[in-house]
Amino acid sequence: MQELAHFQGRELRDLMKASLDGDAGAYRALLERLTGHLRAYYRRRFAIIGHGPAEAEDLLQEALIAIHTHRHTYDPLQPFTPWIHAIARYKFLDYLRRTKSSFKDLPMESAQELTARSDMAAVESGLDLQRLMSRISSKARVAIQYVKLEGLSVSEAAARCGMSESAIKVAVHRGMKALALRISEERKT
Amino acid sequence: MNTDRLIDVLSADLEPVCHGQFGRTLILAMVMGGAAAFGLMLVTVGPRPDLHSTTHLKWLSMKLIFALSVIGTGVPLLVRSARPGLENATNWAQVFSPFFAAIAVALAMLFIGSPQAWRGMLFGASTISSTRCLLCTVFFAAIPLAALIWALRKGAPTRLRLCGAIAGIVAGGIGAAAYAFSCASDTIPFIAIWYGLAIALCAVIGAQLGPRFLRW
């Protein structure tokens with residue numbers, strides 16, 4: 001059990017290192033595996049406080065966005081499992097704080113616990129991407145639509161918008177930050 | 001929204017991460033905060049007039065050594081507090097070591113000195129010295145604290161109160177370094193007590209601000 005957790009931690013860490021260098025395939029694989037672990041983690045915790053799987057899915061998505069926007073805080077020299085566990089746990093405690101849920105009855109946990117289980121059964125979350133997109137600047141919206149949702153390359157998107165490639169990159173980057181902000185605002189209310 | 005869709009969105013067009021960005025932001029915040037604190041000292045209370053004499057330069061350097069050692073022990077902890085996963089692998093109590101060292105030296109000085117001299121050693125050059133030290137240090141630390149909080153928002157602190165408190169200590173150290181140029185009380189017990197208290201006050205303020213401004 002301990003060895004398996006250790007092995008998994010090493011694998012995830014290698015994926016994370018490649019992701020930080022810009023390897024989108026490794027990043028995708030990492031996020032998919034983390035999704036399974038985070039879903040199992042949040043469902044178990046939400047069952048304890050009497051909340052359902054849809055709320056767990058909401059928080060899972062928020063955690064994924066937090067991981068994305070804070071991926072620069074991972075130090076490749078440090079083990080990966082404690083990093084991801086600290087973020088997962090922080091997001092859970094933050095959820096309890098803002099929904100004024102009770103902290104008592106929560107079990108003690110270790111960082112390995114996060115990667116010990118995985119759950120691939122997704123449910124739809126309440127997050128409405130199109131509606132959130134309508135609340136960011138039009139330039140960023142168009143850039144994200146082309147690059148992130150329709151899968152065009154940066155140069156294709158640049159040609160279509162009549163903007164330079166670096167302008168597209170900046171618009172996508174700013175748009176993703178704005179989107180992450182809108183999502184966390186949405187959750188706080 | 002479907003979680004798979006979210007993963008598509010996040011992993012498309014992935015930008016490589018620029019290492020060391022957070023460290024540079026933190027250094028920028030400290031330099032800007034330090035410059036602001038020093039400038040504020042110059043335009044408000046001003047440096048003490050007899051600063052150029054050798055004895056006063058010696059005392060200025062004593063005060064600066066204390067303030068800089070507070071900053072020096074605080075900054076590595078501040079960096080760690082903004083990176084998730086290091087919470088249990090960090091000895092947070094290290095941050096107190098410059099204070100303990102100053103108190104130990106202060107006690108030794110009091111022990112060596114005669115009891116008649118204690119009053120001057122503890123309360124400084126004049127009756128308002130201690131109040132002036134507290135108020136000025138906290139006042140000079142305000143901009144550095146704001147700058148540090150701005151920088152820390154680019155990290156991912158998971159213990160907001162702790163992170164805010166350490167930011168307060170570092171900002172307090174910067175405020176104390178600025179005030180050292182104006183302070184006319186030249187005794188170690190004065191530095192240990194009043195500089196220490198002023199920085200502790202900054203830590204309390206930082207701990208209050210942390211949960212409010214460092215959420216992400």
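Q: At what angle do helix H3 and helix H8 of chain B pack?
A: The model is predicted, and in this model helix H3 (residues 54-81) and helix H8 (residues 188-213) of chain B pack at an angle of about 35°. Their axes are 12 Å apart.

Q: Is that crossing right-handed or left-handed?
A: H3(B) passes H8(B) in a right-handed crossing.

Q: Which residues make the contact?
A: On H3(B) they are Met62(B), Lys63(B), Phe66(B) and Val70(B). H8(B) brings Ile191(B), Tyr195(B) and Ile199(B).

Q: How many of those are nonpolar, polar or charged?
A: Six are nonpolar, one is charged and no polar residue takes part.

Q: Stepping back, how many helices and strands are in chain B?
A: Chain B has eight helices and zero strands. Its C-alpha trace spans about 75 × 35 × 25 Å along the principal axes.

Q: What percentage of chain B is buried?
A: Buried residues account for 44% of the 216 residues in chain B.

Q: And what share of its contacts is between residues 24 or more positions apart?
A: Counting contacts in chain B with a separation of 6 or more, 87% join residues 24 or more positions apart.

Q: Now the core. How many residues are in the largest nonpolar one?
A: That core has 109 residues. Those with the most contacts inside it are Ile87(A), Leu148(B), Ala167(B) and Cys202(B).

Q: Which helix gives the most to it?
A: Helix H7 (residues 160-180) of chain B does, with 14 residues. Chain A takes part as well: domain 1 (2-116) and domain 2 (129-188) each supply at least three residues.

Q: How far apart are the C-alpha centres of those two domains of chain A?
A: The centres of domain 1 and domain 2 of chain A lie 25 Å apart.

Q: Back to Leu148(B): what does it touch?
A: Leaving out residues up to four places away in sequence, Leu148(B) touches Ala29(B), Gly33(B), Ala167(B), Val170(B) and Ala171(B). One of these, Ala167(B), is also among the residues with the most contacts inside the core.

Q: How many residues of chain A and chain B are in contact with each other?
A: There are 42 residues of chain A in contact with 28 residues of chain B.

Q: Which elements of chain A give two or more residues to that side?
A: They are helices H1 (2-20), H2 (24-48), H3 (53-69), H4 (80-98), H7 (138-149) and H9 (165-188) of chain A. H4(A) gives the largest share, seven residues.

Q: How does the side of chain A that touches chain B divide into nonpolar, polar and charged?
A: On chain A, 19 of the residues touching chain B are nonpolar, 13 are polar and ten are charged.

Key: Residues numbered from 1 in each chain as written. Chains lettered and ligands numbered in written order. Predicted model: local features only at pLDDT ≥ 70, side-chain atom pairs only at ≥ 80, totals over all residues. Domains from an automatic or database assignment. Core = buried A, V, L, I, M, F, W, Y, C linked by C-beta atoms within 7 Å. Buried ≥ 20, exposed ≤ 12 C-beta atoms within 10 Å, placed from the backbone. Helix = DSSP H or I, 4+ residues; strand = E, 2+ residues; numbered from the N terminus. Contact = placed C-beta atoms within 7 Å. Nonpolar A, V, L, I, M, F, W, Y, C, P; charged D, E, K, R; others polar. Axes fitted to C-alpha atoms, helices over the stretch in contact; angles between N-to-C directions. Left-handed = near helix turned anticlockwise from the far one by under 90°.
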